[in-house]
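Good morning, and thank you for making time for this short presentation. I would ask you to keep the sequence and the structure in view as I speak.

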Amino acid sequence: MPALWTDRWSFPTGAAVETVPAVHESIVYVTANATLYYLDLAGRGNGDNGTLETGGWSGDELLRVGAGAPIRASPVVASPYVYIDVDGDVRAFDRMYGGAPGWSYETAQESEGTPALAGTY
C-alpha cells in the first residue's frame with residue numbers, strides 16, 4: 001500500500017508536540033512541554049538554504065521561549081503577538097522577538113484551551 005503522506009518538514013523539540021502549530025508568514029510557532037518555539041518554515045534560518053540538518057530535520061530554530069509550565073493549548077498569532085495559555089495565564093509574546101511576555105492575564109481558574117481573539121488585528 002502506498003504511503004498516504006510523507007514528511008515535508010520536521011524539527012526535533014525533545015518533547016511531545018500535543019498542540020496544533022500556528023503559522024504566520026515564514027514562522028511556525030510550536031509548543032512542546034513548557035517551551036514555545038519559533039521555527040523558520042523554509043529551513044533557511046541558519047544560512048544553509050533549506051538543506052536537511054545532520055539529524056534529518058528541515059526546520060531551523062529561530063528562538064525559543066520558556067513558559068515556566070506546560071503549554072497544553074495551541075498558540076494563536078495576531079500581530080504583533082503570539083498568544084498562549086499557560087495553566088490559566090494568557091500570555092502574549094512578541095511574534096518576532098520572543099522575550100518576556102508583552103503582557104499576561106491571570107484567569108480565575110486553570111484552563112487548557114486555545115485563546116480566542118475577537119476584533120481587528
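The protein has eight strands and zero helices. I should say at once that this is a predicted model. Read from the N terminus, its elements follow the order β-β-β-β-β-β-β-β. Of the 121 residues in the protein, 39% are buried. The accessible surface comes to about 7300 Å², and carbon and sulfur atoms account for 51% of that surface. As for contacts between residues at least 6 apart in sequence, 45% of them join residues at least 24 apart.

Let me turn to the interior. The largest nonpolar core has 14 residues, and those with the most contacts inside it are Tyr-29, Leu-36, Tyr-38, Val-82, Ile-84, Val-86 and Phe-93. Which elements give two or more residues to this core? They are strand E2, residues 27-32, strand E3, residues 35-40, and strand E6, residues 81-86. Strand E6 gives the most, with three residues.

Phe-93 deserves a closer look. Setting aside neighbours within four places in sequence, Phe-93 is in contact with a list of residues that includes Leu-36, Tyr-38, Val-82 and Ile-84. Also among its contacts are Val-65, Pro-80 and Tyr-81, together with Gly-99, Ala-100, Pro-101 and Gly-102. There is, in addition, a second, separate core of six residues, among them Phe-11, Ala-32, Tyr-37 and Leu-39.

I now come to a polar residue. Thr-31 is found in strand E2. Is Thr-31 buried or exposed? With a relative accessible area of 1%, Thr-31 falls under the 20% limit and is therefore buried. The side chain of Thr-31 makes a polar contact of 2.6 Å with the side chain of Thr-19. Beyond residues up to four places away in sequence, Thr-31 touches Val-17, Glu-18 and Thr-19, as well as Leu-36, Ile-71, Ala-73, Pro-75 and Ile-84.

A glycine comes next. Gly-43 lies in the loop between strand E3 and strand E4, the latter spanning residues 60-66. Gly-43 counts as buried, because its relative accessibility is 0%. Although Gly-43 and Asp-60 are 17 residues apart in sequence, their C-alpha atoms are 4.9 Å apart in space.

Finally, the charged pairs. Side chains of opposite charge can pair when their charged atoms come close. How many salt bridges does the structure hold? There are four, and I shall describe three of them.

One salt bridge joins Glu-25 and Arg-95, with the closest N and O atoms 3.9 Å apart. This pair links distant parts of the chain, 70 residues apart. Glu-25 sits in the loop between strand E1 (22-24) and E2, while Arg-95 sits in the loop between strand E7 (89-94) and strand E8 (98-106). Glu-25 is exposed, at a relative accessible area of 61%, whereas Arg-95 is buried, at 12%.

Another salt bridge brings together the side chains of Arg-64 and Glu-61, at 2.8 Å from N to O. Glu-61 counts as partly exposed, with 31% relative accessibility.

A further salt bridge connects the side chains of Arg-72 and Asp-87, at 3.4 Å from N to O. Arg-72 lies in the loop between E4 and strand E5 (76-78), and Asp-87 in the loop between E6 and E7, so this pair ties together parts that are 15 residues apart in sequence. Arg-72 is partly exposed, at 40%, and Asp-87 is likewise partly exposed, at 31%.

Thank you for your attention.

Note on methods:
Residues numbered from 1 in each chain as written. Predicted model: local features only at pLDDT ≥ 70, side-chain atom pairs only at ≥ 80, totals over all residues. Heavy atoms only, no water. Core = buried A, V, L, I, M, F, W, Y, C linked by side-chain atoms within 4.5 Å. Buried < 20%, exposed > 50% of the residue type's maximum accessible area, 1.4 Å probe, protein only. Helix = DSSP H or I, 4+ residues; strand = E, 2+ residues; numbered from the N terminus. Contact = heavy atoms within 4.5 Å. Polar contact = N/O pair within 3.5 Å; in protein donor to acceptor, adjacent residues only side chain to side chain. Areas by Shrake-Rupley, 256 points an atom, 1.4 Å probe, with all protein chains shown as cover.
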